Amino acid sequence: MNVILPIRPARRCRIALAVLALAAFTLPAVADTLTYRNDRFGTTIRFPTDLFDTLTPPANGDGQTFLGPDEAELIVYGSRSDDYRDLAAQARQQLEEITLDRVTRDWFAISGFDENGNVFYQRTERGAGGVLHTAILRYPTSQKPVIDPQVGRIMRTLTGP
């Protein structure tokens, strides 16, 4: 027979405070983020600084590549094009296996695995005046546990005028 003993209200408060204090020590720290903005096209993206390091941007100001562990990379750039479906076709050609292929009127997202078995994810959004804003994540499968949970958060921050 199970017996349930009532817990006095004061004891309940102490238990709740102890649980909250313990949770505060076990919650993961929120990573610092970096917001990158390309001056030429206004392409903007935000990502955790513990995933990628900054490199020197190209001279033409189109974008930037950020490197992470085990050759992981985040490539962010702006470009001009009349038909962004050509860019989607180019992304597909880089993949041995496609796991996501979504093309809408204003953006596309394509992901899968490249010929080296790396995870590949590209998102391109149509901006004003024929500008395309693109972010590409490419990383080895060894980095999936670290980067996979961040992909959606990173890609949702891709914006531009």
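Contact here means heavy atoms within 4.5 Å. Happily, that is enough to start exploring this predicted model.

Q: Which residues is Glu96 in contact with, leaving aside its neighbours within four places in sequence?
A: Let's place the residue to begin with: Glu96 belongs to strand β6, residues 95-103. With those sequence neighbours set aside, its contacts are Phe113, Asp114 and Glu115.

Q: Is Glu96 buried or exposed?
A: The cut-off to keep in mind is that exposed means over 50% relative accessible area. Glu96 has a relative accessible area of 61%, so this residue counts as exposed.

Q: How far apart in space are Glu96 and Asn116, C-alpha to C-alpha?
A: In sequence, 20 residues separate Glu96 and Asn116. In space, their C-alpha to C-alpha distance is 8.7 Å.

Q: Is Ser79 buried or exposed?
A: Ser79 sits in strand β5, where six of the eight residues are buried. The cut-off for buried is under 20% relative accessible area. Ser79 comes in at 19% relative accessibility, so this residue is buried.

Q: Which residue of β5 is the bridge partner of Gln64?
A: Strand β4 (residues 63-67) runs antiparallel to β5, and five bridges join the two. They form a hairpin with five residues between them, and Asp70 in the turn has a positive phi of about 55°. Within β5, Gln64 has as its bridge partner Val76.

Q: Which residue in β9 stands opposite Leu74?
A: Strand β9 covers residues 131-139 and is antiparallel to β5, with eight bridges joining them. Opposite Leu74 in β9 is Leu137.

Conventions. Residues numbered from 1 in each chain as written. Predicted model: local features only at pLDDT ≥ 70, side-chain atom pairs only at ≥ 80, totals over all residues. Heavy atoms only, no water. Buried < 20%, exposed > 50% of the residue type's maximum accessible area, 1.4 Å probe, protein only. Helix = DSSP H or I, 4+ residues; strand = E, 2+ residues; numbered from the N terminus. Pairing = 2+ DSSP bridges.
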